[in-house]
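I opened my notebook to look up a few things in this structure. I start with the core and then follow whatever turns up.

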Amino acid sequence: MSVLLGTIGVFVGCMLNALFLELSVKADPGCGTLITFSQFLFIAIEGFLFTSKCGTKQRHIPIKSYLFIVGVFFVCNVCNNFAFSFNISMPLHMIFRSASLITNMIMGIYILKRTYPLSKYLSVILITLGVSICTIVTGYDLSSKDSSKTEETEEEFNLALWLLGLALLVFALFVSALLGIYQELLFKNYGKRPYEALYYTHLLPIPVFLIFYNNLLEHYNIMMESEKVIVPFTSYQIPCMVLYLMGNVITQYICISSVYELTTQATSLVVTLIITLRKFISLLLSIIYFGNTFTIYHWIGTTLVFYGTLIFTEVPLNPINLIKKIKID
């Protein structure tokens, strides 16, 4: 039953989270830092009440061991959300984040001196090729639109912003891979403490957001001045971006807690399948619901990314073999 609930939580929570995120970004492309801060604050408060028991529950991992995780996790989240300020579309953002296996392998080889079978390298080539196709096509589309509507200098400026957004996403991928490796080593020494780690990685970085005070205040004001909507099942009116933010924060908690719950109840194969399928469906919803540009070349790139992911995680392509493997695990 826990696996079923975890699966439902991943699909409902993560997919609705992507929906609310895109609604927010469409209304205000620069609201990424405000969203990150709100997510961190909400999860920290929830963790203080239920995980830490208002500070009375003993901590298993020393605070000093969390400091590196906190720094890396904070930078990764800020970069991923801030990238929307640089003309990065939601579909391209999803495809890029699906390429995390590439950076995980590179960091594993470089830091942990790991070796991988030929199939892993093949999958990485497919993922890299898929991401490259989507990136090049998106960049070409952006350049074409700008050249028909703007002056040459403005076109170059917009393209430069987009490239900066891509650089942020690439940087975030490597930072995320480094975080995963460090967490793996940390949990080896202290045991798996997912909810404790979730709590402290969201609590400790909160003071750092003071650096972004002006940015937070600016986009808070934009949010409060957004179009008013009626709160469902009530007669109250609130700014639409407040509703989007509330939906994003709540669904983010459902998403991340469901993934943690699923990892404790199901095999890694099942978790990988669920997360991969969820990402693909979220991408489809983004394309259909928001009408994002998605050409045949984007589909080719996306197919390569997801097929490469399945090869990397050794998911059998034969449904019968897949069912047998799940039962054995």
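**Entry 1: the core.** I looked for the largest nonpolar core and found one of 69 residues. Tyr66, Ile95, Phe96, Val131 and Leu283 have the most contacts inside it. I note that this is a predicted model. Which helix gives the largest share of this core? It is helix α7, residues 152-190, with 10 residues.

I then picked Val131 and listed what it touches. Leaving out residues up to four places away in sequence, I got Ile95, Phe96, Ala99 and Val305. Ile95 and Phe96 were already on my list of core residues with the most contacts.

Apart from the largest core lies another one, of 7 residues. Val10, Phe11, Cys14 and Ile274 are among them. I marked Cys14 for the next entry.

**Entry 2: the cysteines.** How many disulfides does a search of the whole structure find? It finds 1. The partners are Cys14 and Cys255, with their sulfur atoms 1.9 Å apart. That fits the cut-off, since a disulfide needs two cysteine sulfur atoms within 2.5 Å.

Where do the two partners sit? Cys14 is in helix α1, residues 2-27, and Cys255 is in helix α10, residues 240-265. The pair therefore ties together parts that are 241 residues apart in sequence. I also looked up the torsion about the S-S bond. It is about 85°, so the disulfide is right-handed. Both Cys14 and Cys255 are buried.

Next I tried Cys76. Why does Cys76 have no bond to the closest cysteine sulfur? That sulfur belongs to Cys79 and is 7.3 Å away, which is too far for a bond. Cys76 counts as buried, because its relative accessibility is 8% and the limit for buried is under 20%. Cys134 is buried as well, at 0% relative accessibility.

**Entry 3: the surface.** I went back to helix α1, this time for Ile8, which is found there. Is Ile8 buried or partly exposed? At 43% relative accessibility, Ile8 counts as partly exposed. Ile8 helps make a nonpolar surface patch with Leu4, Leu5, Val12 and Leu16. The area of this patch is about 430 Å².

**Entry 4: two single residues.** I looked up Ser38 and found it in helix α2, residues 32-51. Ser38 has a relative accessible area of 14%, so it is buried. Not counting residues up to four places away in sequence, Ser38 touches Leu245 and Val249.

Lys57 was my second pick. I found Lys57 in the loop between α2 and α3, where α3 is residues 63-82. Its relative accessible area is 46%, so Lys57 is partly exposed. With neighbours within four places in sequence set aside, Lys57 is in contact with Thr51 and Ser52.

**Entry 5: the whole protein.** I closed with the totals. I counted 13 helices and 2 strands. The protein has 329 residues, and 48% of them count as buried. The exposed area is about 17,200 Å², and carbon and sulfur atoms supply 68% of it.

My last look-up was contacts. I took those between residues at least 6 apart in sequence. Of these, 79% join residues at least 24 apart.

Key
Residues are numbered from 1 along each chain as its sequence is written. This is a predicted model: local features need pLDDT of at least 70, side-chain atom pairs count only at pLDDT 80 or more; totals for chains, interfaces and linings use all residues. Side-chain values use heavy atoms; hydrogens and water are left out. Helices (H or I, at least four residues) and strands (E, at least two) are DSSP runs, numbered from the N terminus. Buried means under 20% relative accessible area, exposed over 50%, partly exposed in between (1.4 Å probe, protein chains only). Contact means heavy atoms within 4.5 Å. A nonpolar core is a set of buried Ala, Val, Leu, Ile, Met, Phe, Trp, Tyr and Cys residues joined through side-chain atoms within 4.5 Å. Patches are made of residues with over 30% relative accessible area and no salt bridge: like charges are joined within 9 Å, nonpolar side chains (Val, Leu, Ile, Met, Phe, Trp, Tyr) within 5 Å. Accessible areas come from the Shrake-Rupley method with a 1.4 Å probe; for residues, only the protein chains shown count as cover. A salt bridge is a side-chain nitrogen of Lys or Arg within 4 Å of a carboxyl oxygen of Asp or Glu.
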